[in-house]
Amino acid sequence: MNYEETKAVVQEKFLSSELVTAFLCDAKILHPEWVKKDRLLCIVEYGDEKAVFCLFTSSYPPKSFTDLSIEIVLPIDINFKCEIDNKPSDPEAVLYLNLQSNSNKYKFEIQMTPRVDNFVDDLFRGIEAVSKMPTQPEFVWLKKYQGKNEDDIISQLSVVPRSGATHSQSSAPVAIRESLIKRKMYDKELEYTYTKTFTVFCGTWNVNDKSPVLSLEGWLNVDEEPPDIYAVGFQELDLSKETFIFDQTVREEEWSNAVVRYLNIRAKYVILEKVRLIGMLLMVLIKQKHKAHVHNVVFDTVGTGIMGKMGNKGGVSIRFDLHNTSICIVNSHLAAHVEEYERRSQDFRDICNRTRFQQLNQQAKAIKDHDQIYWIGDLNYRITEMDPNTVKQLINENNFEAVLKYDQLKQQHKNNSVFAGYTEGPITFKPTYKYDPGTDNWDSSEKNRAPAWCDRIFWKGDGITQKAYRSHPSLNISDHKPVSAIFNSIIKVIDEEKYRKVYEDVIKQLDKLENELIPQVKVDMNEIDFGTVKYLELQMKTIIIKNTGKLPVEFEFIKKLDEASFCKEWLIVEPYKRCICADESCEIIFKVHINKISACKLNAGTDELYDILVLHLYGGKDIFITVTGTYERSCFGCSIEVLVNLNMPIKEVPIKQLVELESKRHQPVSSQSTYSIPKEVWFLVDHIYLHGLKQPNLFEQPGLHSEILQIRDWLDSGSMDPIPGCIHSVAEALLLLLESTADPIIPYNLQSVCLRASANYLQCRQIVSHLPEFRKNVFLYLCEFLQEALQHSAENGLDANTLSSLFGAIFLRDNPNQTQEPQSRINKQVIEKKKAQFVHHFLVNDHSELIFTR
């Protein structure tokens with residue numbers, strides 16, 4: 001097949017209005033993620049717009065357009081760049097073509113032929129034409145091709161006739177074909193991969209606010225053979241209030257440099273990624289020779305402190321692909337104190353549920369979506385039901401097994417309450433907590449804590465074998481001892497020749513399925529009724545989609561006309577798209593979760609628990625699924641102006657009356673309102689005032705979700721029983737109530753004024769004095785209460801900086817309906833500091849004469 005015949009086949013891949021103007025064979029893509037085999041490069045013109053396409057072919061030369069798969073699409077726009085390396089005069093030499101569009105960069109190796117000059121000339125003509133355009137092209141025609149990775153190429157492509165090819169209703173869409181190729185290749189992975197063993201070092205240490213003043217060699221460099229990968233995690237890197245409030249510390253650099261300094265010197269390492277949240281730091285390093293085989297490196301952080309935000313507890317994670325194996329490493333610091341084992345288990349679940357690794361044009365991955373997972377950290381589980389002196393005696397006798405029977409984590413793990421599916425190696429070392437810093441002596445404080453194995457390492461996945469699990473007691477600057485583990489990890493590596501053969505076989509099999517049948521599915525339920533739905537109470541229901549045809553079916557929930565999303569904000573659908581093979585079924589989970597934003601709309605009657613979803617089958621029909629429910633109104637999500645006018649529990653207020661009150665909340669308020677402040681705010685503040693002002697970690701330690709729901713029901717029903725739950729749950733409920741009001745305490749339109757005045761108390765005072773009456777009352781009432789709480793700082797550990805930071809973000813909430821300009825981390829910190837500074841004035845100055853004045 002000559003050049004013109006091949007070009008004609010490539011043209012068939014596109015619409016007749018999309019003209020292939022230049023074409024190159026034998027272009028190799030130089031990237032560790034891609035098999036280094038020949039690709040086809042072409043320039044496609046649509047009107048005045050041009051784009052570069054890279055295509056893979058299952059047979060060479062391609063005999064029909066079905067042999068071609070589109071891998072890369074680069075629009076030639078104002079951001080497009082082209083650089084040529086080493087352009088030779090020898091026609092048999094190699095040329096390197098560097099193409100970039102926005103953040104996507106690719107390098108191609110091209111054998112020099114006379115046609116290369118024509119291709120490059122056409123490329124630069126396109127670049128020059130774009131620079132002269134008065135307005136930049138939108139490339140609407142590329143939407144059916146671009147923006148997808150190998151998992152889901154061209155998922156928006158409708159079935160359309162191509163030039164030179166007949167079209168029938170039964171043609172399988174390209175989206176299905178591409179997705180199925182990926183699926184089939186995954187199923188046949190064993191046929192084109194082989195395995196190599198890598199060693200992985202995992203280390204964790206709670207350094208208790210200490211600097212690295214001693215050598216880390218006794219922790220990081222004790223193995224004869226240097227590991228291929230280091231995963232090193234720290235907790236309590238910095239315990240200062242400045243770090244807790246604004247997440248700034250110099251310790252990150254100190255400890256990062258110390259780790260690099262004391263790695264095994266018999267190998268060269270590079271930092272793959274590092275991530276920090278408050279005092280938690282995770283570093284992943286790899287031997288330099290392996291770096292080229294690593295891709296898709298992403299990190300995420302999850303704070304599990306009060307309101308799920310503060311990062312004094314939580315987890316930091318890094319994921320990456322090594323060759324053909326996906327790896328995730330998690331470093332966590334769970335809730336402290338002996339009695340808080342339920343809170344620790346909840347922290348673990350929160351980290352698992354909230355960690356999401358976002359990758360361009362891909363569905364976000366969770367921790368569980370990896371071949372291998374390593375979980376390290378200060379998990380803080382303790383020894384219970386055993387006297388501390390007995391524990392110490394058994395430990396001194398090296399009778400660890402007798403003590404480990406009472407280890408909270410062992411008990412919880414055995415019951416599958418936490419770390420289900422994970423493995424921990426046998427513990428043959430002394431407890432790692434708690435020591436007198438600088439010594440090997442057990443805690444000598446009045447608390448006389450029982451020694452415990454707080455610092456642990458778990459793993460999950462196939463191909464992992466633990467070779468060692470140990471502590472390092474000689475490193476004694478902290479009240480914890482560092483722990484490490486060495487693993488042998490089986491990594492899958494692609495054999496390029498076998499990959500090509502399997503790929504060709506898959507393509508041939510798929511060719512037989514083309515044009516057979518239109519997609520057919522059966523959905524077991526078209527109407528989903530969630531019944532009664534409450535604020536912050538997650539509900540889930542499941543439907544099953546079964547592929548009843550002979551073709552693979554790709555489905556996706558799609559947006560309705562003029563709507564921003566395929567479903568309303570209170571609804572989550574997982575997965576929202578998928579490819580199902582013949583006779584296979586897929587479970588789709590529908591989750592309803594009413595948060596502060598959706599609660600306000602439901603209370604005000606501007607939204608309802610009703611939605612119709614469009615389930616689109618590519619190449620087939622649309623299926624409509626109805627989601628309904630009845631929202632049980634709550635004081636959470638009401639405006640302050642409505643709450644002060646309700647002299648009865650909100651459950652007893654007719655829905656029409658509540659909607660009417662919310663619709664009039666911006667009108668001038670009556671001086672005959674029932675209360676000066678909402679009774680719900682008073683109940684919570686009064687309870688904390690009477691029972692919790694001396695509670696340690698007040699407004700820092702989160703409550704239990706189950707108790708917060710009980711407090712919600714108590715407020716909504718007007719119960720005469722005592723407020724349920726511990727002080728921490730009541731405190732968090734107060735914060736949630738204040739954060740969920742329809743409008744913030746300080747109106748959105750005054751936020752910029754407050755930030756400008758934040759350094760001047762008199763100006764701040766003037767602003768507050770002119771707030772709408774009831775918002776001013778709530779603001780001053782809470783500030784008076786917080787001043788009282790600060791009088792007991794010796795017992796509760798509070799300080800004005802912490803409180804002003806926490807309440808500043810609540811009093812001066814950002815407007816969720818206003819498009820925010822992207823801000824740097826520094827700018828965000830400046831704004832948060834100004835919010836805190838504004839509130840700080842009212843925690844340290846007397847403003848009693850402003851209270852409840854009309």
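**Close-ups of a predicted model**

**View 1. P575 sits in the loop that links β23 (571-574) to β24 (577-580).** Bear in mind that everything here comes from a predicted model. The thing to look at is the peptide bond between E574 and P575: it is cis, with omega at about -10 degrees. E574 is the residue that closes β23 (571-574), and P575 follows in the loop.

**View 2. Y433 and K434 are joined by a cis peptide bond.** Here omega comes out at about 0 degrees. For orientation, K434 belongs to the loop that runs between α11 (408-414) and β16 (455-461). Note that the residue after the cis bond in this view is a lysine, K434, while in the first view P575 takes that place.

**View 3. I278 has a positive phi, near 50 degrees, without being a glycine.** You'll find I278 in the loop between β10 (269-277) and β11 (280-287). Is I278 buried or exposed? Its relative accessibility is 9%, and the cut-off for buried is under 20%, so I278 counts as buried. I278 also turns up in a separate nonpolar core, shown in the last view.

**View 4. N296 is another non-glycine residue with a positive phi, about 55 degrees.** Where does N296 lie? It is part of strand β12, which covers residues 294-303. With a relative accessible area of 26%, N296 falls between the 20% and 50% cut-offs, so it is partly exposed.

**View 5. F779 is one of the best-connected members of the largest nonpolar core.** That core holds 101 residues, and F557, F590, I594, F699, F779 and F838 are the ones touching the most other members. Helix α21 (residues 773-790) is the top contributor, giving 11 residues to the core. Leaving aside residues up to four places away in sequence, F779 touches I745, I746, V768, F811, F838 and F842. F838, then, is on both lists: a contact of F779 and a well-connected core member.

**View 6. A second core, separate from the largest one, has 47 residues.** Among them are F198, I278, V316 and L322. I278 is the loop residue with the positive phi from the third view.

**View 7. Zooming out, the protein has 24 helices and 27 strands.** Of its 854 residues, 54% are buried. The exposed surface adds up to about 37,700 Å², with carbon and sulfur atoms supplying 48% of that area. Among contacts between residues at least 6 apart in sequence, 71% join residues at least 24 apart.

How values were computed:
Residues are numbered from 1 along each chain as its sequence is written. This is a predicted model: local features need pLDDT of at least 70, side-chain atom pairs count only at pLDDT 80 or more; totals for chains, interfaces and linings use all residues. Side-chain values use heavy atoms; hydrogens and water are left out. Helices (H or I, at least four residues) and strands (E, at least two) are DSSP runs, numbered from the N terminus. Buried means under 20% relative accessible area, exposed over 50%, partly exposed in between (1.4 Å probe, protein chains only). Contact means heavy atoms within 4.5 Å. Accessible areas come from the Shrake-Rupley method with a 1.4 Å probe; for residues, only the protein chains shown count as cover. A nonpolar core is a set of buried Ala, Val, Leu, Ile, Met, Phe, Trp, Tyr and Cys residues joined through side-chain atoms within 4.5 Å.
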